[in-house]
Amino acid sequence: MPNHRPLRVVKQITTSFQKEQCRCYSAPVDSAIPSNKVKYVPTSGTYPKGFRVSATHVGVKPSNTSKPDLAFIASDIPAAGTAVFTMNRFQAAPVQVSRDILNSRHGAGIRSVVINSGCANAVTGKGGLEDARAMARTASSMFDNQSGNDDSVPNSVVMSTGVIGQRLPISKIINNIGTAYANLDNSHEAWLNTAKAICTTDTFPKLLSTTFTLPGPAHKGVEYRMAGMTKGAGMIHPKMGTLLGVVCTDAPITPSALRALLQTAMQATFNRISIDGDTSTNDTLAMLANGAAASADTPPIQPKDEACEHFLPILKSFLYRLSDLVVRDGEGATKFVEVRVRNALTVLDALSIASSISRSPLVKTALYGKDANWGRILCAIGYSQLESPESINPATTNVSFIPADNSASKDEGVLKLLVNGEPELVDEERAARLLEDEDLIIDIDLGVGEQAESYRFCDFSHEYVTINGDYRT
């Protein structure tokens, strides 16, 4: 049953969960999730103390008569908050409003994140900005220190996802925020339903949780927790390519440290994925840290202290796994591909080549067709924006397919396609077996330097065209 205790009274919520260091997967009872995606949906979790969530049906889209489409993620106590946002020049109203809130509050005293699906509230003019502010004010009015009036700075971040260029049915949303607040809960079911509420063309909810420890006497014997949810199946490419995501932890972290941690961890994770080469107007990845698992006298993590340095790789690993789920649920995707570029002259060269390959429609359609057409990969390498003429030497360039560790063909070894600029005689039967696997690694060895980078992306299928051709209908 939902927990109806008001957030104005801070209480510790104790719920029994199966402990886990990472993900725990098995089949949930949800016939709407494709059978090959069920393995990515957790059936239990370890969720951070002092956070509660809910999923509420609003009916943002008139055609939605039952699916929850309003997510509320709240902290029992004021939390440090930060976010990274899309670099698209047409930034949606919730992006602008949330950035203003976080800047005005200097990342302190954040109480909630409110997200609607079904309408992006993007390119909606002054009215769209007022709608986003109304969402933030209404959510903030649920807490003691906010009256919801126009004079106070809201303590709630807002996000929206869906069709661009349409106004929100704002009355529907603000009239249901109270219901969403009343239904806040910290059970696994509540977290999973909240992850479902932010989905649009996603085929499964993307939710992770983990536990971790921190060094130093102040953190001795304390188990901290972190949970994150994300959505996005299309219009995904840096900068930044998250679509929407929220991460919560009960570790004590200052706003300045949290900001630095998220910005650093995001670069190697959510900013290294691509679905279709399009950067959304709404991309937002927010993170809250409320310190609820620590004792009252535990000093919060500061930038560059020992605990901060220890936590960074933990956060990177967590965001890497979370962003993996976005790629695995790319619209119409049948392949999960990692392109690794190594021995590049510069990091920027490696990134540019990996990005070009991940965005190439010809590469992506060849992978969908199970065609080892390495010429398309070379073509994408060749038109990459590189830093100097020495960035590529055809005579030292190598291209290979490598089976992933979890693939059926993992024991067959590397399939070399191009060696020092010379084409290999490809065993087409072996290539076909390798391309039957869901996961694949494309290895690019440029042989001109020592730098390396990677991207994760998916293929283009007939289904991608169908989904996006019918998106507004």
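This passage describes helix packing, enclosed space and backbone outliers in a predicted model.

Three helix pairs were examined. Two packed helices are described by the angle between their axes and the distance between the axes.

Helix 2 (125-140) and helix 3 (residues 170-182) have axes 9 Å apart, at an angle of about 10 degrees. Angles under 35 degrees count as roughly parallel, so helix 2 is roughly parallel to helix 3. Helix 2 contributes Asp131, Ala134, Met135, Thr138 and Ala139 to the contact. Helix 3 contributes Ile170, Ile173, Ile174 and Ile177. The contact comprises 7 nonpolar residues, 1 polar residue and 1 charged residue. Thr138 is a polar residue by the classification used, and Asp131 is a charged one.

Helix 5 (residues 255-267) packs against helix 6 (residues 306-328). Their axes lie 9 Å apart and form an angle of about 45 degrees. The two helices are therefore oblique to each other. The crossing of helix 5 with helix 6 is right-handed. On the helix 5 side, the contact is made by Leu261, Leu262, Thr264, Ala265 and Met266. On the helix 6 side, Cys308, Phe311, Leu312, Leu315, Lys316 and Leu319 take part. By class, this contact holds 9 nonpolar residues, 1 polar residue and 1 charged residue.

Helix 7 (residues 347-359) and helix 9 (residues 374-382) cross at roughly 135 degrees. Their axes come within 8 Å. This pair, too, is therefore oblique. Helix 7 and helix 9 make a right-handed crossing. Ile353, Ser356 and Ile357 of helix 7 meet Ile377, Ala380 and Ile381 of helix 9. Of the residues in this contact, 5 are nonpolar, 1 is polar and none is charged.

Empty space was examined next. Rolling a probe the size of a water molecule over the atoms shows where empty space is left. The largest pocket holds about 450 Å³ of space. Its lining consists of 23 residues. Nearest the centre of the pocket lie Lys67, Lys196, Cys199, Thr200 and Asp202. Three elements give two or more residues to the lining: strand 3 (110-119), strand 4 (156-163) and helix 4 (188-197). The lining of the largest pocket is mixed in class, with 8 nonpolar, 9 polar and 6 charged residues.

The model also contains 2 cavities of 30 Å³ or more. The largest cavity encloses about 40 Å³. Val363, Ala366, Leu367, Asp371, Ala372, Asn373, Ile377, Phe401 and Ile442 line this cavity. Helix 8 (residues 361-368) gives the most to the lining, with 3 residues. The lining of the largest cavity divides into 7 nonpolar residues, 1 polar residue and 1 charged residue. Ile377 links two parts of this description. Ile377 is in the cavity lining, and Ile377 of helix 9 is also part of the contact with helix 7.

Two residues other than glycine have a positive phi. Val123 has a phi of about 55 degrees. Val123 is placed in the loop between strand 3 and helix 2. Both flanking elements appear above: strand 3 gives residues to the lining of the largest pocket, and helix 2 packs with helix 3. Lys304 has a phi near 70 degrees, again a positive value in a residue other than glycine. The loop that holds Lys304 runs between strand 9 (284-289) and helix 6. Helix 6 is the partner of helix 5 in the right-handed crossing.

Technical notes. Residues numbered from 1 in each chain as written. Predicted model: local features only at pLDDT ≥ 70, side-chain atom pairs only at ≥ 80, totals over all residues. Heavy atoms only, no water. Axes fitted to C-alpha atoms, helices over the stretch in contact; angles between N-to-C directions. Helix = DSSP H or I, 4+ residues; strand = E, 2+ residues; numbered from the N terminus. Parallel < 35°, antiparallel > 145°, perpendicular 65-115°, else oblique. Left-handed = near helix turned anticlockwise from the far one by under 90°. Contact = heavy atoms within 4.5 Å. 1 Å grid on protein atoms, 1.4 Å probe; cavity = no way out; pocket = protein on both sides within 12 Å on 5 of 7 lines; lining within 4 Å. Points joined across faces, edges and corners; volume = space filled by probe spheres on them.
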